[in-house]
Amino acid sequence: MKVNWKAIAFFLLVIVLWQLVSSSGLVNEMLFPGPLKVTSAGFGWASSTLLEDVSISLWRLLAGIILGVTLGTIAGMLMGRILFLEETAAPLFHMLRSLPPVATVPLVIIWFGIGEEAKIFTIAFGAFFPVWLSLLIGSKSIPIEYTRIAQIFAKPKIETYKKVILPAIQPFLMNGIRISIGIAYFMVFVSELAGASSGVGYRMAVAQITYNADLLIAALIVLGAMAFLTDYFFMRIYRRLVHWGET
Amino acid sequence: MTRKHVAVKGLNVDFEKPVLKNVFLDMKKGEFVSIVGRSGTGKSTFLNSLAGFMETEGEIHGPGRKAIVSQNYSLFPWMSVEENIAFGLEKQDRERVGKIIRRIELEGKEKSYPYQLSGGQQQRVAIGRAIAYKPELLLLDEPFANLDSYTRITMQEWLNEVMRENKTTTLLVTHDVDEAILLGDRVLVLKDKSFRHEYNVPFNRPRDNEIRYLPIFQELRREILKSL
């Protein structure tokens, strides 16, 4: 793997400048702690609840994504393949899609309280629409020649779905999931800010109330790293599944 | 009298307004018929009607086992060469794949994906997949339209050889009059919603590309072009 030395040098430069500004006395170090203090807060967190917080956030993220993506896939494919369903249901879905997912949080708390169901529902709501829209478009844009070839070779419907339609929409599904993951991260954070007792978002809320800026920055870095690594591993799966060059 | 292998009687196809009107066609078993016509005259619609892809009026009698090769999206991009060729086959017929790959001269490319092949190679795979299926009627919808002229000529020669071996009843739609004559036993001109002219091609098989420089070829070409 080629090492990007320019990016590494720039990253190190930012860290050094950050530390210099923080400890120069020009800013309040309590509000703008340097990398040394942030690292120390991070180690403190690591020796107490970091693993638990990351695990619970990841669990909520995964559960929400699985639920949202599954329902989004089913709804998107059905509406993309059945014109009656698209004409009937898609306008309502488009209206709901334009709502900011965060705006649903107060209503979700009224419905489900502040338990796990509420958080998973909120994340699933955010993850649903990108996959739904991607598959609605994808299912309709399968070249007719593909299904005609299956038809002329007298392939049964199930085999046509398995060997032709599903692979043809796979790039759309994967692109939808990638966007869903990004939104799901946002929704995990939001849902943990409101009425949680664990998770990375909860830890950030606590750090904010207690003016613990070094822990807050450490938590931001952890959240960023989680999102970056999720995207990295997802893209590896993406390239393995959609390996045929053209998408 | 030779029994008709394909018989089309009074075929009508409408897309809001008529595209094909009262079309008749008879084909003998093993015959290669080329259809030419200007753009938008309904050549591909006729082929798709025979394939069973369209709602039509009139009678179409023909074999049930058909295969089609079109100019676009002929191959599934997520399948390798051998998977594409095996797509139409039952499990017990998969041994045919190796033989077909040799016939389409793509040994060593079995595991390649369509995007790793040239345009000519891709169309050879598409034709290979159709032939592997052993269709009783092969429908070719401008299969070489997207190829450069050199590859196109090479492919025409190659297809002539393949068709000589297989003797499959074949219907070719093309806008290239040279291709229609070179490959066909008969050339039909589709104009004003039905076949208006018919020309018998006076060349025995096997044919090679050199026949296109013969005066008789040029004369036939001129006549067909005039009738378009």
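## Exercises on a predicted two-chain model

A nonpolar surface patch of about 730 Å² is formed by Val21(A), Leu26(A), Val27(A), Met30(A), Leu31(A), Phe32(A) and Tyr211(A). Patches are made of residues with over 30% relative accessible area and no salt bridge, where like charges are joined within 9 Å and nonpolar side chains (Val, Leu, Ile, Met, Phe, Trp, Tyr) within 5 Å; a salt bridge is a side-chain nitrogen of Lys or Arg within 4 Å of a carboxyl oxygen of Asp or Glu. Accessible areas come from the Shrake-Rupley method with a 1.4 Å probe, and for residues only the protein chains shown count as cover.

This is a predicted model, in which local features need pLDDT of at least 70 and side-chain atom pairs count only at pLDDT 80 or more, while totals for chains, interfaces and linings use all residues. Residues are numbered from 1 along each chain as its sequence is written, chains are lettered from A and ligands numbered from 1 in the order in which they are written, and side-chain values use heavy atoms, with hydrogens and water left out.

### Exercise 1

Locate Tyr211(A) in chain A, and decide whether Tyr211(A) is buried or exposed.

**Solution.** Begin with the position: Tyr211(A) belongs to the loop between α9 (200-209) and α10 (213-241) of chain A, where helices (H or I, at least four residues) and strands (E, at least two) are DSSP runs, numbered from the N terminus. Next comes the accessibility: Tyr211(A) counts as exposed because its relative accessibility is 57%, given that buried means under 20% relative accessible area, exposed over 50%, and partly exposed in between (1.4 Å probe, protein chains only). Finally, look at the backbone, where Tyr211(A), just after α9(A), takes a positive phi of about 50°.

### Exercise 2

Name the buried residues of α9(A) and find what they pack against.

**Solution.** In α9(A), the residues Val200(A), Gly201(A), Arg203(A), Met204(A), Ala205(A) and Ala207(A) are buried. The buried residues of α9(A) pack against α2 (35-46), α3 (50-81), α8 and α10 of chain A, and contact here means heavy atoms within 4.5 Å.

### Exercise 3

Describe the annotated domain of chain A and two of the annotated transmembrane spans.

**Solution.** An unreviewed UniProt entry gives the annotation "domain: ABC transmembrane type-1" for residues 54-234 of chain A; UniProt positions are given in the numbering used here, feature names are shortened, and annotations may be inferred rather than shown by experiment. Over residues 54-234, chain A is 85% helix and 0% strand, and the end C-alpha atoms are 18 Å apart. The feature "transmembrane region" is placed by UniProt (unreviewed entry) at several spans of chain A, including residues 58-84 and 120-138. Residues 58-84 of chain A are 96% helix and 0% strand, with end C-alpha atoms 38 Å apart, and residues 120-138 of chain A are 100% helix and 0% strand, with end C-alpha atoms 26 Å apart.

### Exercise 4

Work out the surroundings of Asn84(B).

**Solution.** Asn84(B) sits in helix α2 (residues 81-86) of chain B, and Asn84(B) counts as buried because its relative accessibility is 1%. Not counting residues up to four places away in sequence, Asn84(B) touches Leu75(B), Phe76(B), Met79(B), Pro114(B), Val125(B) and Arg129(B). With Arg129(B) there is also a polar contact from side chain to side chain at 3.2 Å; a polar contact is a pair of N or O atoms within 3.5 Å, and within protein one must be able to donate a hydrogen and the other to accept it, while residues adjacent in sequence count only if both atoms are side-chain atoms.

### Exercise 5

Find the side-chain polar partners of Thr174(B) and Thr169(B).

**Solution.** Thr174(B) lies in the loop between β7 (169-173) and α6 (177-183) of chain B and, at 0% relative accessibility, counts as buried. The side chain of Thr174(B) makes a polar contact with the side chain of Glu179(B) at 3.0 Å. Thr169(B), by its place, is in strand β7 of chain B and is buried, with a relative accessible area of 2%. The side chain of Thr169(B) reaches the backbone nitrogen of Gly30(B) at 2.8 Å.

### Exercise 6

Describe the backbone at Ala154(A), Glu105(B) and Pro206(B).

**Solution.** Most residues other than glycine have a negative phi, and most peptide bonds are trans. Ala154(A), although not a glycine, has a positive phi of about 55°, and Glu105(B), also not a glycine, has a positive phi of about 55°. The peptide bond from Arg205(B) to Pro206(B) is cis, with omega near 0°.
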